[in-house]
Amino acid sequence: MTIRMVYFAWVRERIGTGEETIDPPASVVTVADLIDWLAEMSAAHAEAFENRARLRAAIDQDFVALDTPIGAAQEIAIFPPVTGG
C-alpha cells in the first residue's frame, strides 16, 4: 500500500522535505506504528518523531489520534500541535 506522507512546520524542517511517498510493511497498522517505522528511516526522521507528545496526525485530511488504524489511507499528515486565536 502506497501512502503519501505530508509533513508540516518543524517536522518538515527536521526531516528535510514536505512530503514523501512510502510503502510501509503489513506490520504497520496504526499511525503510531507508522511513526515508529518512519523513525527508523533516517536520523532526521528519528529526531522529528522522538517526542510523540509533540505530534498530531491526520488521515486523508481528518484529524486522528496516533492509535488510529491507517486502514486504506491515501495521505497521512504529521504536524505539531496547532494553536489558534
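Q: How many positive and negative side chains does the protein chain have, and how far apart do the centres of the two sets lie?
A: In this predicted model, one counts the charged side chains of each sign and then compares where the two sets are centred; here the protein chain carries 6 positive and 13 negative side chains, and the centres of these sets are 8 Å apart.

Q: Which elements make up the protein chain, and in what order do they run?
A: The elements are read from the N terminus on, and in this chain they follow the order β-α-β-α-α-β-β-β, which amounts to three helices and five strands.

Q: What does the radius of gyration say about the protein chain?
A: The value is set against what a compact globule with this number of residues would have; for 85 residues that expectation is near 12 Å, and because the protein chain has 12 Å, the two agree. As a complement, the C-alpha atoms fill a box of roughly 40 × 30 × 20 Å along the principal axes.

Q: What share of the residues is buried, and what supplies the exposed area?
A: Buried residues account for 39% of the 85 residues in the protein chain, while the chain exposes about 4,800 Å², of which carbon and sulfur atoms supply 51%.

Q: How are contacts in the protein chain spread along the sequence?
A: One takes the contacts between residues at least 6 apart in sequence and asks what part of them join residues at least 24 apart, which in this chain is 50%.

Q: Is T30 buried or exposed, and what does T30 touch?
A: A residue is called buried when its relative accessible area is under 20%; T30, with 16%, is therefore buried, although T30 is found in a loop, the one between β2 (19–22) and α2 (31–39). Not counting residues up to four places away in sequence, T30 touches L66, D67, T68, P69 and I70. In addition, a polar atom of the T30 side chain lies 3.0 Å from the backbone nitrogen of D33.

Q: Where does A72 lie, and is A72 buried or exposed?
A: A72 lies in the loop between β4 (62–64) and β5 (75–79), and because a relative accessible area over 50% counts as exposed, the value of 68% places A72 in the exposed class. Leaving aside neighbours within four places in sequence, A72 is in contact with M1 and D60.

Q: How far apart are A72 and A46 in sequence and in space?
A: The two separations are read side by side: A72 and A46 are 26 residues apart in sequence, and from C-alpha to C-alpha they are 25 Å apart in space.

Conventions
Residues numbered from 1 in each chain as written. Predicted model: local features only at pLDDT ≥ 70, side-chain atom pairs only at ≥ 80, totals over all residues. Heavy atoms only, no water. Helix = DSSP H or I, 4+ residues; strand = E, 2+ residues; numbered from the N terminus. Rg over C-alpha atoms; globule rule 2.2 N^0.38 Å. Buried < 20%, exposed > 50% of the residue type's maximum accessible area, 1.4 Å probe, protein only. Contact = heavy atoms within 4.5 Å. Areas by Shrake-Rupley, 256 points an atom, 1.4 Å probe, with all protein chains shown as cover. Lys, Arg positive; Asp, Glu negative; His and termini not counted. Charge placed at Lys NZ, Arg CZ, Asp CG, Glu CD. Polar contact = N/O pair within 3.5 Å; in protein donor to acceptor, adjacent residues only side chain to side chain.
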